Number of protein chains: 2
Amino acid sequence: MTTREEILVLGEKLIRLKGYNAFSYHDISAALDIKNAAVHYHFPKKTDLAVAILQSCHERSVKILEKNKYDNALDKLKAFLKVYADSYKHSMVCLVGGMAAEFHSFEAPVQKELKAVVQYITERLADILEEGRKEKVFAFKETPRTKALLVVTNMIAALQLERIMGKKEFTDIYQAVIKDIAA
Amino acid sequence: MTTREEILVLGEKLIRLKGYNAFSYHDISAALDIKNAAVHYHFPKKTDLAVAILQSCHERSVKILEKNKYDNALDKLKAFLKVYADSYKHSMVCLVGGMAAEFHSFEAPVQKELKAVVQYITERLADILEEGRKEKVFAFKETPRTKALLVVTNMIAALQLERIMGKKEFTDIYQAVIKDIAA
DNA sequence: TTATTTACTTACTAGTATGTAAGTTTGCAG
DNA sequence: CTGCAAACTTACATACTAGTAAGTAAATAA
């Protein structure tokens, strides 16, 4: 991994563990054993780093959710939900849930990028749900978009609650969501 | 309102608008036209302020959810959900959702208090849901506790998504949740 | 070989955040 | 009227944070 990539990965980790405003360039430079200015070399401002992290998250999401990767809706949904299960395994909240609270402390480019990620994720999930309902493997009474919002909010906040309470809230919610959608 | 109360109210507002680590004692002292040290007089450390804010939130929740305030489960549920609808009206996330992401940057007393609030809220909602099912006005297949977790996560993250996307995500989710529970 | 670019380090600045110590004002109890 | 406590202000200390300017070492291109 290049230094730039290491900064991106560690930066995302720090946001998802402590929050954006709770980490500093010093946290990154110390962990990677480089100097503060080296981080500024790759990402002049913290805003630049935040935007790059969100873009890499967006790209990752596209890879996971790209059409034709799986040929049935159930596998697509499982791939979608696995992202959150993996977050849970590493005691992290998802990037969106980790940045939402501090939204109004971000500069416009960060806000814009965060919006783009959320929009992409909810739209793709709505597609998957609609497809599954046509295939008769999913059942739900809401519109695909509304059901997608319900599922996404369950996942985002499940990770947050698990962190606070730590009594298998995530697993409960995760299994309930799958059971609820399965026709 | 006493200065102490004004600090508490403004502090909570700042957490819910910008996030805990994004506001400073200066933000409070400037808004209330007092000196920085005056805030420290009432709440020596930021941790003390956070704990006090969470306690006042806890007390408020107890007042709203106290047993025997309403005599039927539907009114109880409505009172519960109204808290989130009011947050939405003021473009704020709820305190729990606003602090979850930064959880690991808090000192132990803050973490403990946040946990207590979440625990109380989910337990009371589970009670309300169970009561409503007995009254045959609510219908759901999950356990009351799991259904409570599903509803709470919908509300918490709905406020967060609304903030990011701003295209009536909250209203969609809010109405879908009520429709889903109503028998 | 020389020039240029990449990826840094060294060294620094300006601003802000949390927090404290000591002094001041105001109202009230005895 | 005196003493005392509550609610501040003034002034300061410490530490960190974001960010910059200038220099360096190594690889690469002309």
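This tour goes from the chain pair to one helix, a loop residue and the two DNA strands. The model is predicted, so local features need pLDDT of at least 70 and side-chain atom pairs pLDDT 80 or more, while totals for chains, interfaces and linings use all residues. Residues are numbered from 1 along each chain as its sequence is written, and chains are lettered from A and ligands numbered from 1 in the order in which they are written.

**The two copies**

Select chains A and B. A turn of 180 degrees with a shift of 0.0 Å along the axis lays chain B on chain A with an RMSD of 0.0 Å. The two copies are thus related as by a two-fold rotation axis. The superposition is by least squares on the C-alpha atoms of residues with pLDDT of at least 70 in both copies.

**The side of chain B that touches chain A**

Next, show the contacts between the chains, where two residues are in contact if their C-beta atoms, placed from the backbone, lie within 7 Å. On this basis 36 residues of chain B are in contact with 36 residues of chain A. At least two residues each come from α1 (3-18), α6 (95-100), α7 (108-134), α8 (144-165) and α9 (169-181) of chain B. Helices are DSSP runs of H or I with at least four residues, numbered from the N terminus. α8(B) gives the most, with 13 residues.

Colour this side by class: 18 residues are nonpolar, 11 polar and seven charged. Here Ala, Val, Leu, Ile, Met, Phe, Trp, Tyr, Cys and Pro count as nonpolar, Asp, Glu, Lys and Arg as charged, and the others, Gly among them, as polar. The copies meet through the same surface, because 100% of the interface residues of chain B are also interface residues in chain A.

**Helix α7 of chain B**

Select α7(B). At 1.5 Å a residue, its 27 residues should span 39 Å, and its end C-alpha atoms are 39 Å apart, which agrees. The expected span is 1.5 Å times one less than the number of residues.

Which residues of α7(B) are buried? Among them are B:Val110, B:Leu114, B:Val117, B:Ile121, B:Leu125 and B:Ile128, along with B:Glu113 and B:Thr122. A residue is buried if 20 or more other C-beta atoms lie within 10 Å of its own, exposed if 12 or fewer, and partly exposed in between, with C-beta atoms placed from the backbone. The cover over the buried residues of α7(B) includes α8 of chain A, together with α4 (46-65), α5 (73-89), α6 and α8 of chain B.

**Lys136 in both chains**

Move past α7(B) to B:Lys136, whose phi is positive, near 65 degrees. B:Lys136 sits in the loop between α7 and α8 of chain B and is exposed, with 9 other C-beta atoms within 10 Å. Most residues other than glycine have a negative phi. In chain A, A:Lys136 also has a positive phi, of about 65 degrees, and lies in the loop between α7 and α8 of that chain.

**The DNA strands**

Show DNA strand C and the residues near it, meaning those with a C-beta atom, placed from the backbone, within 6 Å. There are 16, and the closest are A:Thr3, A:Lys35, A:Ala37, A:Ala38 and B:Ser24. α3(A) supplies the largest share, four residues.

Finally, select DNA strand D, which 16 residues surround; the closest are A:Ser24, B:Thr3, B:Lys35, B:Ala37 and B:Ala38. For strand D the largest share, four residues, comes from α3(B). Its surrounding residues divide into seven nonpolar, six polar and three charged.
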